[in-house]
2 protein chains.
Amino acid sequence: MSKREGARNLQSKLRPIINYSLTDQVETKLLELFKKEDLRNGDAIPKENELCEAMGVSRTVIRESLTRLKTIVLIESKKNKGMILTEPDLLIGLDKLLQPKILSEETLQDMFEMRLVLEMGIAELLFARIKPSDIADLKAILKTEKDYPALFEMDFEARFHGRIYEIARNNTLVRFQSMLLPIFKYVHDKGLKLKDEELPKNYVTHALIVKAIETGNPEKYRDAMKRHLKIHFDKTIKMRKLLE
Amino acid sequence: MSKREGARNLQSKLRPIINYSLTDQVETKLLELFKKEDLRNGDAIPKENELCEAMGVSRTVIRESLTRLKTIVLIESKKNKGMILTEPDLLIGLDKLLQPKILSEETLQDMFEMRLVLEMGIAELLFARIKPSDIADLKAILKTEKDYPALFEMDFEARFHGRIYEIARNNTLVRFQSMLLPIFKYVHDKGLKLKDEELPKNYVTHALIVKAIETGNPEKYRDAMKRHLKIHFDKTIKMRKLLE
DNA sequence: AAAATATAATATGTAATACATAATACATAA
DNA sequence: TTATGTATTATGTATTACATATTATATTTT
């Protein structure tokens, strides 16, 4: 039995001890408190000093825990006013993290694919909620686009596809997809370096997608979108294989 | 001109001043530093004391900024070792936030829909990557399920649908969807209270979805999944109207 | 000489205290 | 009655000191 194996064997008998810092414990207790007291959006929470006394730790520790919760916008603080629970923003923090440089290749790939998945899956909601005026809006966007397929003109992409989600009336998705765009561009560009691909012959432009929306149904939309995104689907499938 | 209008008029001339706290500024500077120095995953960052000196602020402020970055797992710290940049976890924090009680009805609805969108949109990746052994796995899962449609048995739902994402080989999605499940259940249950709905006659079970995967294509999968989720699609469309 | 053990050095974690600052409520004067 | 000044309060920032865990170095033991 090697030294390493011996250590692992011992470990299975003893289990490594985990040391939760005071801050960790306080954070947990705070979350428990909110739950137990059934505190809602807008409700005030105890003052820092009250928390210090109640838990018997320094204000330093309390404040570090609170900072964590403020970071995810679960609470907000105002001078003299105290702190309140807030409607947390699910996407907060994400914009700080969604930078190519700090994410692994695999996660980037995951997010790239996530956008593709969303574009395809939105169809049902899109058709359930679209109004005539929405079609007009989409056509207005088309007008501003150049005639040739502006495949990677981020502005156009953002505006057009963002509008799709807006029509589907899902605000979280609207914001999410706009965050994904830079990632998408990055992954795409990186893919391009591997092999310069040309547009497929039956490439579907935004205009054709609008047509599918106007005269079609979810299936037709998906068919158009799938072909619009085909180059990306091909790319991600190829690249995922490289990662393995 | 009313008092309120007057204030707004003044505001347009003066613009409200925004006061970035020291912590805010330090946080920004840190992020800039990481970018400028092109620091990557695993690279060490300066010691707390070095940062204090360099920026001329107290360790308190430095530490609060660092706490924020630690919260989103952009950096990690170890005693005596110092701090390093880490591969941040996009979904961290989300599990703290994804609790029905602290999210608004609208956001909950958004997330409910997001799951539906993902289930539908995953088809292409699913079929691009599925292997024969995956089919066998799915069938094994089916065996453990009861014969009747276990529509809201969370365990079954989680296992079955989670497996779908696993087959699609997108780990972020796997984790994301498992986080969404409690939300999904909550929103669904709340919807049930409004009106007790019965299963549609042509309800599609997991078994039928597997069949669509085994013998079909993305379109057939989506057709099956759409009918499997029909009750939920109907519900969200109805409920969104209520929110308006 | 090699391996195990003790010691020192270092960077983060926690505590305590003091003061700064912004927001509110209250008091005061025109 | 309204605008301005003042006090109060809770969070924000600074400073200092010490605790603790990890690494590196030195020492002892075999």
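Okay, so buried area here is the accessible area, with a 1.4 Å probe, that two parts lose on being put together, summed over both. Keep in mind that this is a predicted model.

With that in hand, let's look at chains A and B. The area buried between chain A and chain B comes to about 5000 Å², and carbon and sulfur atoms give 64% of that. In terms of residues, 55 from chain A are in contact with 54 from chain B.

What about the polar side of things? Between chain A and chain B we count eight salt bridges. One to pull up on screen pairs Arg63(B) with Glu64(A), where the closest N and O atoms are 3.4 Å apart. There are also 17 residue pairs in polar contact between the two chains, both partners at pLDDT 80 or more.

So which helices of chain A supply at least two residues each of the side that touches chain B? Quite a list: α2 (22-36), α4 (59-71), α5 (94-97), α6 (105-121), α7 (123-129), α10 (171-194), α12 (218-228) and α13 (230-243). The one that gives the most is α6(A), with nine residues. Sort that whole side of chain A by residue type and you get 23 nonpolar, 12 polar and 20 charged.

Last stop, helix α8 of chain B, residues 132-144. Its buried residues are Asp134(B), Ile135(B), Leu138(B), Ile141(B) and Leu142(B). They sit on the same side of α8(B), because they cover an arc of only 120° around the axis. Flip to the face turned away from that buried side, and you'll find Pro132(B) and Lys143(B), both exposed.

Terms used: Residues are numbered from 1 along each chain as its sequence is written. Chains are lettered from A and ligands numbered from 1 in the order in which they are written. This is a predicted model: local features need pLDDT of at least 70, side-chain atom pairs count only at pLDDT 80 or more; totals for chains, interfaces and linings use all residues. Side-chain values use heavy atoms; hydrogens and water are left out. Contact means heavy atoms within 4.5 Å. A salt bridge is a side-chain nitrogen of Lys or Arg within 4 Å of a carboxyl oxygen of Asp or Glu. A polar contact is a pair of N or O atoms within 3.5 Å; within protein, one must be able to donate a hydrogen and the other to accept it, and residues adjacent in sequence count only if both atoms are side-chain atoms. Helices (H or I, at least four residues) and strands (E, at least two) are DSSP runs, numbered from the N terminus. Ala, Val, Leu, Ile, Met, Phe, Trp, Tyr, Cys and Pro count as nonpolar, Asp, Glu, Lys and Arg as charged, and the others, Gly among them, as polar. Buried means under 20% relative accessible area, exposed over 50%, partly exposed in between (1.4 Å probe, protein chains only). The arc is that of the directions from the helix axis to the C-beta atoms.
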